[in-house]
Amino acid sequence: MPAFLAVCAAFGLSASGWNGLFVSEVARLAPSGRAGEATGGMLAIAYAGLVIGPALFSLLVAGGFGYSAGYLAAAAVALAGAAALVIPLPPAPTPDLSTAAKDTPCA
């Protein structure tokens, strides 16, 4: 039983630890003064899946499509997310820093 509880604790820690790292990275990449907007928007989208996903799953099961359809729908959403991570984005435009330094007042 202690080994089982240790494994469960390890899974729990690893499952809930990603969101703090994700939020801090979103805040780091947000434009200056807009970290609250960026993290709030990201969390709203991320947690919408926690609310909508189980409801859609239960609608598929209750609608007579069965558990297979629910799990296939969840797998399709997961594959779409994985594809979005794998497909390369076009490179971002490089800002012209030669004029930016002249326009920025010194503090």
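**Exercise 1. Place G66 in this predicted model: which helix holds G66, and is G66 buried or exposed, or in between?**

Solution.
- Step 1: Find the helix. G66 lies in helix 2, which covers residues 35-86.
- Step 2: Look at accessibility. The relative accessible area of G66 is 24%.
- Step 3: Apply the cut-offs. Partly exposed covers the range between under 20% and over 50%, so G66 is partly exposed.
- Step 4: List the contacts. Once neighbours within four places in sequence are set aside, G66 touches L60 and V61.

**Exercise 2. How many salt bridges does the structure hold, and where does R28 find its partner?**

Solution.
- Step 1: Count them. There are two salt bridges in the structure.
- Step 2: Take R28. Its side chain meets that of E25, at 2.6 Å from N to O.
- Step 3: Check the pair against the cut-off. A salt bridge needs the nitrogen within 4 Å of the carboxyl oxygen, and 2.6 Å is the distance for R28 and E25.
- Step 4: See how they are placed. R28 and E25 are three residues apart in helix 1 (residues 2-29), so about one helical turn separates them.
- Step 5: Compare with the solvent. R28 has 57% relative accessibility and counts as exposed, while E25, at 34%, counts as partly exposed.

**Exercise 3. Which residue does E37 pair with in a salt bridge, and what is the accessibility of E37?**

Solution.
- Step 1: Name the partner. E37 and R34 join through their side chains, with 2.8 Å between N and O.
- Step 2: Classify each one. E37 is exposed at 52% relative accessibility, and R34 is partly exposed at 43%.

Note on methods. Residues numbered from 1 in each chain as written. Predicted model: local features only at pLDDT ≥ 70, side-chain atom pairs only at ≥ 80, totals over all residues. Heavy atoms only, no water. Helix = DSSP H or I, 4+ residues; strand = E, 2+ residues; numbered from the N terminus. Buried < 20%, exposed > 50% of the residue type's maximum accessible area, 1.4 Å probe, protein only. Contact = heavy atoms within 4.5 Å.
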